[in-house]
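Colleague: I would like to go through this model with you before I plan anything around it. Please put it up and I will ask as we go.

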Amino acid sequence: MAGNLRPRSTHSNSITSNTTKQQQPATLAKRLLFPHLSPGSDLPPLFASPTCSPELNAEAYDFLALALRAFVNTWWTKITRYDKELLPEITIVLTTVLRTLETRLLSTDFSLFMFSVVPALITQHYRDYRHAASKASTSYAMGGAIPLPHLFHQLQPHVAISPEGKIDEEYFRQAFDHVLRSCLPPQNYTPEAERYIVREIILKVLVKDVIPRVTQPWFIQRIILDLLGPSLDAESDKPPNVSPPSHTQHAHFSFHSLLVFFLSAVQSISGMGLALVQTYKQTLSTIKLVNHSTRPTVNQRRASEPWRKARPAPISPMRNARSISPPLSSYASAASSTLSLHADIPQPNPQRSSSHYAREPLTMISELFTMHERFATSAVMHTLCMICAATTPLMDRLLTHLLYTRILCASSILFVLRLSKHTLFPNGYPGPPPIDPTPEEQIIIHQQLVRRLREQVPAFLAPVLLGSSPERTVEEMIRPLGDAACNAHLAVFIMDALLLSIFPEMGVEGSAGNADVDVAERLDDDGIQDWAPRLSRTSTSAMTL
């Protein structure tokens, strides 16, 4: 009898679990984006990579549903309350874009972008800002009549931004349209309604919301404060626990006190030894891991991860009924057409064994802290440069390993996605626009940042690394980021570099004006040839729209 009851119990448990799964409330993504799915079914995968975690897939769908409900559903329900197919159609378009973009991201080596291009742009921003600031009150500025942003714009002109720092929306509208044309199959790119909606959503979020805020000086300073962590002022403000002088203090000095002092010293030395051993083991394991598990090159990743292995985009039943959904062959044709674009792009020289990824970050640090103006810091920087030059292959592999295991990893993407969702949609809907700090609060943020940066350098090293006036050196480091119009130029150049890294067919070799001037020649205007990035004339490119 027990044997007959066991299968019945298992069957009842499976029925109960299925009933419980079906009774769970449907998520927002399932109700808005996939209304035709049964309540107990799972959402289709959003990303093409089979190793993508379900948690990341769920968070991405949740963020997508919140964005479409906030920016599309609010006005679409005023036009018609009965058509529920617009959001699923936009989801199909966005899924195709995300999967194609994911494949391009996987086939792009971001080491050059992160360790060469971005540091070179920041270094050039600091040099041009200081150069423009030195001319602000001279005859070059007509006795101070020309403001600093205009002088800076003359050094870094760009068609997408005005001298006042206003971004041209049409420039990025055409750039995003090219991205959609590269990511979508022809049958999905031809309908203008869906494409325009997706393009304007991306344009609104990036150009109107993100860039104007992240270029504000107080926002950058607050981000740096958050990265530095909490201050130690609370502990430093506590009164020291000073016991009153006791006349019986010498009476307790005995063998027991000597024994406690000796054991404490042994414990401290043993703890230091254990820390050194652990550091040595960690360093040794990291070096072995870096030497034996190097990241493949771009060509190897393209050969091992062809586009045809990507999952097809989810097709809604209504879309399939209307015979609008593209067949699998269309995805293969779109992939082959995109790969043909890469065939016309000159590939990097395979004989180049090292890229010197550590050189540009050291150049940026030297420019930020004006280390070339002091002998001690200049000697320290030259020593670091010689060490990095002697260990260039190891440093290149180590920096690439840290980039793809600590920064560009699934956990970091999941953290950024959750942070963005809670920031943009705190209660499920777009929250009220954040209130900018008052000028008095901005001054307080600036003073806190100066104090926190000053605290990061030990007191005995501050005169050597920061000069005779550490506060003045820290102020000089923060000042080039104190103008929103100049920061907008840096944001636009970084955005261009990112788009050209992912979509190299958008760039053209050699452009009019001073764009074909060697970057190293421009960086050598201040006479510091040792710190100039080695960028060749043929590597400079401009975006064509």
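Colleague: With which residue does Arg213 form a salt bridge?

Modeller: Keep in mind that this is a predicted model. The closest N and O atoms of the pair are 3.1 Å apart, and a salt bridge requires a distance within 4 Å. The partner of Arg213 is Asp436.

Colleague: How many residues apart in sequence are the parts that Arg213 and Asp436 tie together?

Modeller: Arg213 lies in helix 10, whereas Asp436 sits in the loop between helix 20 (410-424) and helix 21 (439-456). Both ends are partly exposed, Arg213 with a relative accessible area of 25% and Asp436 at 42%. The pair therefore ties together parts whose separation in sequence is 223 residues.

Colleague: Which residues do salt bridges with shared partners join into one network?

Modeller: One pair is Lys208 and Glu169, whose side chains meet at 3.9 Å, N to O. That pair links distant parts of the chain, with Lys208 in helix 10 (residues 192-214) and Glu169 in helix 8 (residues 169-183). Another salt bridge joins Arg173 and Glu170, at 2.9 Å between the closest N and O atoms. The network consists of Glu169, Glu170, Arg173, Asp177, Arg181, Arg195, Arg199, Glu200 and Lys208.

Colleague: Is Arg173 buried or exposed?

Modeller: Arg173 and Glu170 are 3 residues apart in helix 8, so about one helical turn separates them. Glu170 is partly exposed at 35% relative accessibility. The cut-off for buried is under 20%. Arg173 has 15% relative accessibility, so this residue counts as buried.

Colleague: How are helix 13 and helix 19 oriented to each other?

Modeller: Their axes come within 9 Å and cross at roughly 95°. Residues meeting there include Leu289 and Val290 in helix 13, and Leu394 and Leu398 in helix 19. Angles of 65 to 115 degrees fall in one class, so the two helices are roughly perpendicular.

Colleague: What is the area of the nonpolar surface patch that includes Leu259?

Modeller: Leu259 lies in helix 13 (residues 255-292) and is partly exposed at 38% relative accessibility. Phe255, Phe262, Leu263 and Val266 complete the patch. Its area is about 520 Å².

Colleague: Which residue that is not a glycine has a positive phi of about 50°?

Modeller: Most residues other than glycine have a negative phi. The residue in question is in the loop between helix 17 (359-368) and helix 18 (375-390), and is buried with a relative accessible area of 8%. It is Thr370.

Terms used: Residues are numbered from 1 along each chain as its sequence is written. This is a predicted model: local features need pLDDT of at least 70, side-chain atom pairs count only at pLDDT 80 or more; totals for chains, interfaces and linings use all residues. Side-chain values use heavy atoms; hydrogens and water are left out. Helices (H or I, at least four residues) and strands (E, at least two) are DSSP runs, numbered from the N terminus. Buried means under 20% relative accessible area, exposed over 50%, partly exposed in between (1.4 Å probe, protein chains only). Patches are made of residues with over 30% relative accessible area and no salt bridge: like charges are joined within 9 Å, nonpolar side chains (Val, Leu, Ile, Met, Phe, Trp, Tyr) within 5 Å. Accessible areas come from the Shrake-Rupley method with a 1.4 Å probe; for residues, only the protein chains shown count as cover. Axes are lines fitted to C-alpha atoms, for helices over the stretch in contact, and angles run from 0 to 180 degrees between N-to-C directions. Angles under 35 degrees count as roughly parallel, over 145 as roughly antiparallel, 65 to 115 as roughly perpendicular and the rest as oblique. Contact means heavy atoms within 4.5 Å.
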